[in-house]
Amino acid sequence: MQCCVLAMLDVHRELLPNGFLLILSPDTSSPDEVKLTRALHRASRSDKGAILVDLSLVDSLSDEAIELLLAYAFMLHAQERRLILCHVPQHAQHHFLYLDAASQPLLVPSLLDAMQEIDFTAGFDHAQGRRSSHNLQ
């Protein structure tokens, strides 16, 4: 696991078979969201179909972090990819609900649920690809 050190949130990155996992943890050294921005940018440049963000170690999210997550949810949706958030702090959940489908990240209760979601999506995409190749023959 890699760790970046530059902002209010510490971000650990892990490459998964079907996704890219970012684990946020508190870091009071700076009020800037640079690490989260860089981590989301790097993850979005991967060929993975989903970016999972585990928020289990943070008690709150800044408005800047929320806006950043919403922007990446929108961008990934346009690329037919997903942003999946798990363990979203209770008081921040309303920022991610009741949005149009293109702007809303998927909220799941746990990292296990997120992993199951990307495994299901990857299996579905693989099956769709197989069906498309059979239709071409």
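Start by selecting Leu70, which sits in helix α2. Is Leu70 buried or exposed? Its relative accessibility is 16%, and because buried means under 20%, Leu70 counts as buried. Keep in mind as you look around that this is a predicted model.

With Leu70 still highlighted, show what surrounds it. Setting aside neighbours within four places in sequence, Leu70 is in contact with His95, Phe96, Leu99, Ser103 and Pro105. Pick out Leu99 from that group: 29 residues separate Leu70 and Leu99 along the chain, while their C-alpha atoms are 9.8 Å apart.

Now zoom out to take in the whole chain. You should find 3 helices and 6 strands, arranged along the sequence as β-β-β-α-β-α-β-β-α. The chain has 137 residues, of which 42% count as buried. Among contacts between residues at least 6 apart in sequence, 64% join residues at least 24 apart.

Next, select strand β5, residues 82-86. Of its 5 residues, 4 are buried, so the strand is largely enclosed by the rest of the structure. Add strand β4, residues 50-54, and you will see it pair with β5 in the parallel sense over 5 bridges. Across this pairing, Ile51 stands opposite Leu83 in β5. To follow the chain from one strand to the other, trace from β4 through helix α2, residues 63-78, to β5; this β-α-β crossover is right-handed.

Which strand is joined to β5 by 3 bridges? Select residues 106-108 to find β6, which runs parallel to β5. Here Cys86 stands opposite Val108 in β6.

Go back to Ile51 and display its surroundings. Not counting residues up to four places away in sequence, Ile51 touches Phe20, Leu22, Leu40, Ala43, Ser44, Leu76, Arg82, Leu83 and Ile84. Ile51 also belongs to the largest nonpolar core, a set of 26 residues. To light up the residues with the most contacts inside this core, select Leu22, Leu24, Leu40, Ile51, Val53, Leu61 and Leu83. At least two core residues come from each of β3 (20-26), α1 (34-44), β4, α2 and β5. Helix α2 gives the largest share, 8 residues. Apart from this core lies another, of 10 residues, and you can find it by selecting some of its members, including Leu16, Ile23, Leu52 and Ile118.

Helix α1 is a good next stop. Colour its buried residues: Lys35, Leu36, Ala39, Leu40, Ala43 and Ser44. Then turn the view to look down the axis of α1. These buried residues fall within an arc of 155°, so they line one face of the helix.

For the last stop, look for charged partners. Side chains of opposite charge can pair when their charged atoms come close. How many salt bridges are counted here? The count comes to 1. Select Glu117 and Arg82 to see it, with the closest N and O atoms 2.6 Å apart. The pair links distant parts of the chain, since Glu117 is in helix α3 (residues 111-136) and Arg82 is in strand β5, 35 residues apart. Glu117 is partly exposed, with a relative accessible area of 22%. Arg82 also counts as partly exposed, at 31% relative accessibility.

How values were computed:
Residues are numbered from 1 along each chain as its sequence is written. This is a predicted model: local features need pLDDT of at least 70, side-chain atom pairs count only at pLDDT 80 or more; totals for chains, interfaces and linings use all residues. Side-chain values use heavy atoms; hydrogens and water are left out. Buried means under 20% relative accessible area, exposed over 50%, partly exposed in between (1.4 Å probe, protein chains only). Two strands pair if DSSP finds at least two bridges between them. A crossover is right-handed if, with the strands pointing away from the viewer, the path from the first strand over the helix to the second runs clockwise. A nonpolar core is a set of buried Ala, Val, Leu, Ile, Met, Phe, Trp, Tyr and Cys residues joined through side-chain atoms within 4.5 Å. Contact means heavy atoms within 4.5 Å. A salt bridge is a side-chain nitrogen of Lys or Arg within 4 Å of a carboxyl oxygen of Asp or Glu. The arc is that of the directions from the helix axis to the C-beta atoms.
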